Amino acid sequence: MNTEYPHFGLMLVSDSKLIFTSFLLDAKGRLKRFQGNPILSILEGEVSENGAITNIKNIEIAPDENIKYITSATLSPDIKKLYLTTTTSDDFSEDNFQIKVGEFEAGVGWTHFETLSFCDPKYSYAHPTISMDGKTLYFTSNLKGGKETTRGGSDIFKVDILDDNSFSEPKNLGSKVNSYSKEMFPFVAADNTLYFASNRPNGYGGFDIYRSKMTAEGVFGKAEKLPKPINSPKDDFSLVMDSANKTGFLSSKRDGGKGADDVYYFSKI
């Protein structure tokens, strides 16, 4: 599945599908563009027993939604809602992103997208991921103000998904997880371990993957950097694990790849 173009924003669906972000290509393998810019969108592929990704296809977003730039996405555990990160306008130079949620309509695709209620246009929100019980949404933001202000360029936050499909106020995961650098691409595994990428000092190089284990009180402990070969001297991020916590995928720019961010498969020994 890897090419000279980037592949990132990984998310597993029921261990059988992998959602990821990459550039859209036309029938001749050329980049599709909008206003001169490559269109970044979401695709899905089927996961085989040995980690191969096959039958890759675009995830259909209804054309009238006018969503031309998607940096990451995730499905709710019941596969009824699609959360995605997109720009606040068609101006790709804008710094701020927002998270939208939509639903699937047969013959139309994913549609009826709405910006999440807590997204303030003054700030940027990205990389949504949902706990396996469907009760908590995690994301990154540069949200400022008050006790829960962002420490670095972006921190990991969480909100409760309430019974009426509304959300609690965003809560910063705190200094045991977040740093004065950037935290990106959170993922919460079946055992409630939080995996994420950060470019904080003393890493192997670029972005490295960290993990933070949840305590019995539901609080994430001090984050620790994962060892090699998960991390490398280049950017490593977007780690996801299967429901048994035995295999997974990550994105990396490590040497030996095909170009930009490639997808790698791994298994625990």
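Both Arg200 and Glu183 are buried in this predicted model, and that pair is where I'd like to begin. The two residues form a salt bridge, with the closest N and O atoms 2.9 Å apart. In sequence they stand 17 residues from each other: Arg200 sits in the loop between β16 (193–198) and β17 (208–213), whereas Glu183 belongs to strand β15. So how many salt bridges does the structure hold? The count is seven. As a reminder for anyone new to this, side chains of opposite charge can pair when their charged atoms come close.

Let's take another of these pairs, Lys234 and Asp255. Their side chains meet at 2.8 Å, N to O. Lys234 lies in the loop between β18 (224–225) and β19, and Asp255 in the loop between β20 and β21, so this salt bridge ties together parts that are 21 residues apart in sequence. Are these two buried or exposed? Lys234 has 35% relative accessibility and therefore counts as partly exposed. Asp255 reaches 65%, so Asp255 counts as exposed.

There is also a small network to look at. Lys17, Glu44 and Lys57 are joined by salt bridges that share partners. Within that group, the side chains of Lys17 and Glu44 meet at 3.7 Å, N to O. The chain positions are distant here too: Lys17 is in strand β2 (residues 17–23) and Glu44 is in strand β5, 27 residues apart. Lys17 counts as partly exposed because its relative accessibility is 33%. Glu44, with a relative accessible area of 14%, is buried.

Please keep Glu44 on your screen, as this residue takes us into a sheet. In β6, the bridge partner of Glu44 is Lys57, and Lys57 is also one of the members of that salt-bridge network. Strand β5 (residues 40–47) pairs with β6 in the antiparallel sense, over four bridges. Further along, Val47 stands opposite Ile53 of β6. The hairpin of β5 and β6 has five residues between the strands, and Gly51 there takes a positive phi near 90°.

Now let's step back to the whole sheet. What order do its strands follow? The order is β1-β2-β5-β6, an open sheet of four strands with antiparallel pairing. At the edges we find β1 (8–13) and β6 (53–58), each of which pairs on one side only. From one strand to the next, the twist averages 30°. In general, strands of a sheet pair through backbone hydrogen bonds, either parallel or antiparallel.

Next, let's move along the chain to strand β20. Why call this strand largely enclosed by the rest of the structure? Five of the six residues of β20 (residues 247–252) are buried, and therefore the strand is largely enclosed. β20 has strand neighbours that we can name. Strand β19 (residues 236–241) pairs with β20 in the antiparallel sense over four bridges, and in that pairing Val240 stands opposite Phe249. β19 and β20 form a hairpin with five residues between them, and Asn245 in the turn has a positive phi of about 55°. β20 also pairs with strand β21 (residues 262–267), again antiparallel, over six bridges. There, Leu250 stands opposite Tyr264.

Last, the pocket. Rolling a probe the size of a water molecule over the atoms shows where empty space is left. How much space lies in the largest pocket? The answer is about 590 Å³. Its lining is made of 27 residues, and those that lie nearest the centre are Phe97, His127, Lys182, Met184 and Phe185. Three elements give two or more residues to this lining: β11 (125–130), β12 (136–141) and β15 (183–188). The largest share, three residues, comes from β11. By residue type, the lining divides into 13 nonpolar, nine polar and five charged.

That brings us back round to β15. This strand gives two or more residues to the pocket lining, and β15 is also the strand that holds Glu183, the salt-bridge partner of Arg200 that I began with. Thanks, everyone!

Conventions. Residues numbered from 1 in each chain as written. Predicted model: local features only at pLDDT ≥ 70, side-chain atom pairs only at ≥ 80, totals over all residues. Heavy atoms only, no water. 1 Å grid on protein atoms, 1.4 Å probe; cavity = no way out; pocket = protein on both sides within 12 Å on 5 of 7 lines; lining within 4 Å. Points joined across faces, edges and corners; volume = space filled by probe spheres on them. Nonpolar A, V, L, I, M, F, W, Y, C, P; charged D, E, K, R; others polar. Pairing = 2+ DSSP bridges. Axes fitted to C-alpha atoms, helices over the stretch in contact; angles between N-to-C directions. Buried < 20%, exposed > 50% of the residue type's maximum accessible area, 1.4 Å probe, protein only. Salt bridge = Lys/Arg side-chain N within 4 Å of Asp/Glu carboxyl O.
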